[in-house]
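Dear colleague,

Please find below the structure that I am handing over to you. My findings follow directly after it.

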Amino acid sequence: MIITRDVINKNIKFYDYDILTSKSFEYDFNYLSKCIDLYKNFLLLSGIQPQKTVIIGEDIGIWQVAALFACYELGLTVIVFDLFNINLYVHKKTPNLLNLDVNYNNTIQNLLPIDYFILSYKRLPVEKEISTKHYYTIQYANKTLVRYFDHDDVNKSKICNTVLSQKEFILTKSLTSGTSGAPKCIQHTHEFLYSLMYRNSKQFYGKYINTRSLNHGSSIFCYLMPAIISKNVTHFYLVKGFPITYLDPNTHITEKKDKETFIIFEERILKTIEFCNSIGGADHISTCDASVCEAMFKQIKSNYFSRTNIHVLSYIKSEWVDNYYKTGIIGDIISNFGSNETTGPVFLNKASDKNFSETLYRKNDDYFDVKIVDAGVEVSMPVYNKTITMTDKFVLENDRYNHQGRSDLLRINDLQINFKDYTSICNEYFNSNLIIDQIKSEIYLAIWEEVNFSLEIRMKIYKLNRRLVKISEGKHKISKYNILKYSEYFSGIKIDMESLRDYFRNPNETYKKLT
């Protein structure tokens with residue numbers, strides 16, 4: 001089986017919506033199909049060859065979807081790579097590759113070769129925007145293809161029936177985290193992803209909102225693709241401008257819009273809620289990281305979200321279940337557990353589970369055959385007829401799988417933490433420990449110096465936090481901190497991190513919150 005536009009539900013009503021401008025564009029399958037033809041003809045005239053790699057630099061919306069299906073039908077391998085995070089922090093006076101964010105630089109080099117980079121003329125970097133990821137991706141690509149056609153050209157498009165794909169062709173390419181060695185390129189075929197997306201399509205129905213597409217491994221085949229083919233989805237919204245990571249307005253981190261206007265993340269959250277209210281509520285919103293979810297939940301004032309299922313790639317916090325699901329503010333919260341090798345979901349956790357626990361997952365069906373082994377979890381892959389071992393530790397408890405974590409990987413808001421580097425930075429300021437709480441998606445700071453909270457100590461805490469925010473492009477920040485006695489948390493061999501996590505999780509303790 002190969003993936004072409006034929007898999008799309010022809011009865012869906014499509015909408016592009018820009019949170020920043022409040023502009024909406026409605027279209028149907030026939031219009032989308034013409035856009036796919038435009039893109040295919042453009043790529044063929046540009047001399048593309050099947051099984052060459054491509055990064056898609058289109059904004060979320062109709063042209064990104066058209067580019068995806070054009071690549072699918074022409075047999076290209078789509079590199080899953082997020083170009084729409086916060087702009088890089090590059091020295092303004094010398095904007096060259098040496099100043100490129102290290103994580104970005106390493107990531108993109110591990111994805112080489114990049115045969116084609118396709119983007120809109122609207123996304124071509126100008127002199128004042130050379131610190132963007134689009135600018136640096138152009139430097140790495142063997143060939144940059146710029147789309148100059150737009151909606152005015154749709155009715156001029158010629159039907160393109162050329163299909164170059166085959167079921168064994170590689171459709172996607174992405175990277176593992178690289179925690180236990182050099183990052184590995186993971187590839188998946190048309191045949192496997194075709195099978196997977198139909199399996200995943202069963203969970204989507206009604207009004208579906210997609211906020212990110214090419215952001216994480218093969219998550220596009222857990223969310224966007226299953227929803228766009230689902231026979232039960234009626235309205236499909238592609239929302240541009242949804243915050244990727246929530247930052248408290250007090251951090252003064254903003255994104256630039258139209259070179260002049262700065263919009264704080266808080267305002268994007270409110271505009272997103274207003275949009276959902278304007279369409280009478282949605283049945284599914286995919287995908288949010290923990291910080292965005294929390295910020296959105298706090299701002300919901302209407303009952304339009306009472307049927308909305310929020311899909312996340314993080315743990316579900318017990319506070320969310322108590323404060324938002326059980327009170328009827330949110331319909332359900334669904335956590336997807338998988339890996340780049342397996343895509344997924346292999347397991348699901350839901351707020352609606354009557355015996356909910358933050359770390360307890362269930363098998364949703366028998367698509368993946370799983371077995372608990374000493375090394376982690378063995379996942380038997382359909383189509384490929386091979387077994388993948390995930391190093392995450394699980395304990396089988398009746399019919400549920402209790403996630404015990406993974407010692408070699410720390411991730412907050414869907415971004416890996418380099419704990420060694422963070423600890424080194426922390427030690428520049430004081431004798432302390434950073435405590436990573438993946439279940440709550442928070443970072444805590446325990447200061448061991450026998451000092452009071454002087455102005456100097458507070459300034460150091462704020463400086464440290466700003467560095468972590470900058471390094472992580474807003475995904476990591478210290479949420480709580482305190483000066484504690486080292487002896488009370490020393491177990492005789494090492495610091496008892498679990499006791500520290502329990503301390504900062506307890507709402508009755510005297511720690512301070514960083515705002």
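Is Cys276 buried or exposed, and what is its relative accessible area? Cys276 is buried, at a relative accessible area of 1%. Please bear in mind throughout that this is a predicted model.

Cysteines

A second cysteine, Cys222, also counts as buried, with a relative accessibility of 5%. As for disulfides, the count for the model comes to zero, where a disulfide requires a pair of cysteine sulfur atoms within 2.5 Å.

Helix 7

Cys276 belongs to helix 7, which spans residues 265–278. The helix comprises 14 residues, and the distance from its first C-alpha to its last is 20 Å, close to the 20 Å expected at 1.5 Å a residue. Its buried residues are Phe265, Arg268, Ile269, Thr272, Ile273, Phe275 and Cys276. These buried residues lie on the same side of helix 7, because they cover an arc of only 160 degrees around the axis. The spacing follows a general rule: an α-helix has 3.6 residues a turn, so residues three or four places apart point the same way. Glu274 and Ser278, on the other side of helix 7, are exposed. After the helix comes Gly280, with a positive phi near 75 degrees.

One of the buried residues of this helix, Ile269, can also be placed relative to helix 8. Gln299, located in helix 8 (residues 290–299), is 30 residues from Ile269 in sequence, and their C-alpha atoms are 7.9 Å apart in space. Gln299 has a relative accessibility of 22% and therefore counts as partly exposed, since the buried class ends under 20% and the exposed class begins over 50%.

Strand 3 and its neighbours

Strand 3 covers residues 53–56. Thr53 and Ile55 point one way from it, Val54 and Ile56 point the other way, and all are buried. Strand 3 pairs with two other strands, as follows.

- Strand 4 (residues 77–79) runs parallel to strand 3 and is joined to it by two bridges. Thr77 of strand 4 stands opposite Thr53.
- Strand 5 (residues 116–120) also pairs with strand 3 in the parallel sense, over three bridges. Within strand 5, Phe117 is the bridge partner of Ile55.

The connection to strand 4 involves helix 2 (residues 62–73): strand 3, helix 2 and strand 4 make a right-handed β-α-β unit.

Beyond strand 4, Phe81 sits in the loop leading to helix 3 (102–110). Phe81 has a relative accessibility of 8% and so counts as buried. Its C-alpha is 8.2 Å from that of Ile56 in space, with their positions 25 residues apart in sequence.

The antiparallel sheet

An open sheet of three strands has the order 18-19-20, and its pairing is antiparallel. Strand 18 (369–373) and strand 20 (386–390) are the edge strands, each of which pairs on one side only. From one strand to the next, the twist averages 25 degrees. Five bridges link strand 18 to strand 19 (residues 376–381) in the antiparallel sense. Among the residues involved, Asp369 has Ser380 of strand 19 as its bridge partner.

With kind regards

Definitions and conventions:
Residues are numbered from 1 along each chain as its sequence is written. This is a predicted model: local features need pLDDT of at least 70, side-chain atom pairs count only at pLDDT 80 or more; totals for chains, interfaces and linings use all residues. Side-chain values use heavy atoms; hydrogens and water are left out. Helices (H or I, at least four residues) and strands (E, at least two) are DSSP runs, numbered from the N terminus. The expected span of a helix is 1.5 Å times one less than its number of residues. Buried means under 20% relative accessible area, exposed over 50%, partly exposed in between (1.4 Å probe, protein chains only). The arc is that of the directions from the helix axis to the C-beta atoms. Two strands pair if DSSP finds at least two bridges between them. A crossover is right-handed if, with the strands pointing away from the viewer, the path from the first strand over the helix to the second runs clockwise. Axes are lines fitted to C-alpha atoms, for helices over the stretch in contact, and angles run from 0 to 180 degrees between N-to-C directions.
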